[in-house]
Amino acid sequence: QVQLVESGGGLVQAGGSLKLSCVASGSMFRINDMGWYRQAPGKQRELVARITGGGSTDYADSVKGRFTISRDNAKNAVHLQMNSLKFEDTAVYYCNANVAKHRYLNGEDYWGKGTLVTVSS
């Protein structure tokens, strides 16, 4: 089984910064894309940022220039540095990883349990 464990959420004032981290563990042959999604109260879960195994990145327009995603392949980890936080960034942030458990198997999506980020205005 593959487990994703997030850390780093919390309460921060608008304009502040937080760094989220997520570590994958378990039976894994290869981790493909990793990413961060968020879900605000009453809204659908949305992509925040994702990164391929080769390091290519993609960001939601609402966070471009403020958030930076990175990964440490040696540690099976992905990070999200969030700067210039806004009230509207308040949400539960979920880590996602597409993991192939075997050389000849396609990847499957796994999710962390989420970490709450609250930005006070």
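## One disulfide, a nonpolar core and a buried glutamate

The structure holds one disulfide. It's a predicted model, and this link makes a handy place to start looking around. The partners are Cys22 and Cys95, with sulfur atoms 2.1 Å apart. Along the chain, the two cysteines are 73 residues apart, so the pair ties together distant parts of the chain: Cys22 belongs to strand S3 (residues 18-26), while Cys95 belongs to strand S9 (residues 91-100). A disulfide is a covalent bond between the sulfur atoms of two cysteines. As for its twist, the link of Cys22 and Cys95 is left-handed, with -80° about the S-S bond. Both Cys22 and Cys95 are buried.

Next comes the nonpolar interior. The largest nonpolar core has 31 residues, and the members that touch the most others are Trp36, Leu80, Met82 and Tyr93. Quite a few strands chip in with two or more residues: S1, S3, S4 (30-39), S5 (46-51), S7 (67-72), S8 (77-82), S9 and S11 (115-120). Strand S9 gives the largest share, five residues. Tyr93 shows how such a residue is surrounded. Setting aside neighbours within four places in sequence, Tyr93 is in contact with Glu6, Leu20, Trp36, Tyr37, Arg38, Val48, Phe67, Leu80, Met82, Gly114, Thr115 and Val117. That list includes Trp36, Leu80 and Met82, the other three residues picked out above for touching the most core members.

Glu6, one of the contacts of Tyr93, deserves a look of its own. This glutamate sits in strand S1 (residues 2-7). Glu6 is buried but has no salt bridge, and the nearest side chain of opposite charge, that of Arg45, is 7.7 Å away. A salt bridge here would need a side-chain nitrogen of Lys or Arg within 4 Å of a carboxyl oxygen, which is why Arg45 at 7.7 Å does not count. What the Glu6 side chain does have is backbone company. One of its polar atoms lies 2.8 Å from the backbone nitrogen of Cys95, and the backbone nitrogen of Lys113 lies 3.2 Å from a polar atom of the Glu6 side chain. Beyond its neighbours within four places in sequence, Glu6 is in contact with Ser21, Cys22, Trp36, Tyr93, Tyr94, Cys95, Gly112, Lys113, Gly114 and Thr115. Both cysteines of the disulfide are thus among the contacts of Glu6.

A few other spots round out the picture. Thr118 is found in strand S11 and counts as partly exposed because its relative accessibility is 27%. Outside the four places on either side in sequence, Thr118 is in contact with Gly10, Leu11, Val12 and Thr90. Its C-alpha atom is separated by 33 Å from that of Ser27, a residue 91 places away along the chain.

Finally, two loop residues have positive phi values without being glycine. Asn76, in the loop between S7 and S8, has a phi near 55°. Ser84, in the loop between S8 and S9, has a phi of about 50°. Asn76 counts as partly exposed because its relative accessibility is 27%. Ser84 is partly exposed too, with a relative accessible area of 42%.

Terms used: Residues are numbered from 1 along each chain as its sequence is written. This is a predicted model: local features need pLDDT of at least 70, side-chain atom pairs count only at pLDDT 80 or more; totals for chains, interfaces and linings use all residues. Side-chain values use heavy atoms; hydrogens and water are left out. Helices (H or I, at least four residues) and strands (E, at least two) are DSSP runs, numbered from the N terminus. Buried means under 20% relative accessible area, exposed over 50%, partly exposed in between (1.4 Å probe, protein chains only). Lys and Arg count as positive and Asp and Glu as negative; His and the chain ends are not counted. A polar contact is a pair of N or O atoms within 3.5 Å; within protein, one must be able to donate a hydrogen and the other to accept it, and residues adjacent in sequence count only if both atoms are side-chain atoms. Contact means heavy atoms within 4.5 Å. A disulfide is a pair of cysteine sulfur atoms within 2.5 Å. A nonpolar core is a set of buried Ala, Val, Leu, Ile, Met, Phe, Trp, Tyr and Cys residues joined through side-chain atoms within 4.5 Å.
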